[in-house]
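Reader: I'd like a close look at one part of this model, please. Keep it casual and walk me through it.

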Amino acid sequence: MASGQERILKRRIRSIDATKKITRAMELIAASRIVRAQARVRAARPYSDKVTAVIANLASAGGEADHPLLREPAEVTKVAYVAIAADRGLCGGYNNNVLRATERAIAADAAEGRDYELVLSGRKALGYFRFRNYRIAAGFEGFSDQPSYADAQQVAAAATELFENGCQRVMLAYTQFHSMGNQSVAIVPFMPLEVGDFDEADGAEDSGGGPEGGYEFEPEPAVILERLLPRYAEARLYSALLEASASEHAARQRAMKAATDNAEELKINLTRIMNRARQDAITTEIMEIVGGAEALAQTGGEVDLLSDTIEARTADLFRARE
Amino acid sequence: MQVELVSPEAVLFSGECSQVVTRTVDGDIAFLDHHAAFIGALDIGQTQLWASDGIVTLALNRGFVEVSNNVVTILSDAAYAADEIDVAAAQADLEAARAALAADDDDDDAKAAVAWAETRIAVAGAA
């Protein structure tokens, strides 16, 4: 019995309802993944703390080798950027924020006559820079949801290769995860590694400082440092990947919550419009029947019979509501 | 003494041990209580921890060890206890690595892969 407009509205409401169910499910999934991602960030911390502490101890014991990863460049002509974004969209401004910040940093470098190289992590990052015709040195995808240490090793290897071949500096662009409601894009220096960082980290370490007698080394400090520094770079990249992944899930949860809320509001509005349309149709029909009855009554017809008809018809119409 | 075994992804072991035996690039080394401060780079090999509830044997794929203030910290990229080792996968790795080594006997990666597979099989077999 529904009129044409009513039918169309009903179909739209049904479609919005289906969409709402999807966005709601995505919201819940993202929410549960944030918790897991946060746990992974926490689980990765002891290793990077310990690696940092060991390097600090090596450095203080005079193991400060002239390692390429520690060499401050005299002049910077080329900067490599490691940009970490997501594999999927539907997470609000998460991808765009970090990618645009990277692009701006590259433009700022270009203004000062410095060239760039790009190492990208995440399908969206690849799409973004490919579309804009940037030169991409290396791209990785498929792990932004749950990065593993092996993934971090791959990305770190690509960054190290650029650093050893022409780039004097490597910057890391990713989204830092401060809390559930607070994430921010950061572009931080990644290579060369700064020994100053290690001294500070040593102060924060709870082991109560180095031992009195100094360390024994096996093999000599320089060799250990040479093996340890790449690990340190990997651990830092790994923690950046994990934080980015936690931020991604947080951003997705927020975006999907907004989408679910919007769908709900849209549904309420459309239901209201649909009800009004049906009410109008019913009113019009009753008016027509009453009008017809009036006309018949004036000519002296059977009014009783007609009022029965009207009642039956009205009941029909209201039943059509359900 | 306190022993911490830490991989990049998690803390694998944390507890009191009476003795730790591991292998640095220069050879096997054992730590007892109050060992002198020490930093070493670890080779591929077995590590044994004398924990309160028995000896834990692990296969370690390189890493580092630091000893200070009666705390032994082992950092490793990959450390597996016997029950976590997939022997079939290790066996397959071993054959692949031996084949690579047969083709090029200077291939360091293949040599490391052979050592790593053999260590895993040995640890799994000892349990």
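What pLDDT does chain B average, and how many of the residues score at least 70? After that, take me through strand 6 of chain B and the strands it pairs with.

Author: Sure thing. Keep in mind that this is a predicted model. Chain B comes out with an average pLDDT of 88, and 98% of its residues score at least 70. For the complex, the predictor reports an ipTM of 0.83, along with a pTM of 0.83.

Now for the part you asked about. Strand 6 of chain B covers residues 54-60, and strand 5 of chain B covers residues 45-51. These two run antiparallel, joined by seven bridges. Together they make a hairpin, with two residues between the strands. If you want a pair to look for on screen, try L49(B), whose bridge partner in strand 6 of chain B is V56(B).

Strand 6 of chain B also pairs with strand 9 of chain B, which spans residues 79-81. That pairing is antiparallel too, and it runs over three bridges. Here the pair to look for is A59(B) with Y80(B), the latter sitting in strand 9 of chain B. So much for strand 6 of chain B: it pairs with strand 5 of chain B and with strand 9 of chain B.

A quick word on chain A for context. Chain A has seven helices and six strands, and from the N terminus they go α-β-α-β-α-β-α-β-β-α-β-α-α. Chain A has 322 residues, and 33% of them count as buried. Among the chain A contacts with a separation of 6 or more, 79% come from residues 24 or more positions apart.

Note on methods
Residues numbered from 1 in each chain as written. Chains lettered and ligands numbered in written order. Predicted model: local features only at pLDDT ≥ 70, side-chain atom pairs only at ≥ 80, totals over all residues. pLDDT = per-residue confidence, 0-100. Helix = DSSP H or I, 4+ residues; strand = E, 2+ residues; numbered from the N terminus. Buried ≥ 20, exposed ≤ 12 C-beta atoms within 10 Å, placed from the backbone. Contact = placed C-beta atoms within 7 Å. Pairing = 2+ DSSP bridges.
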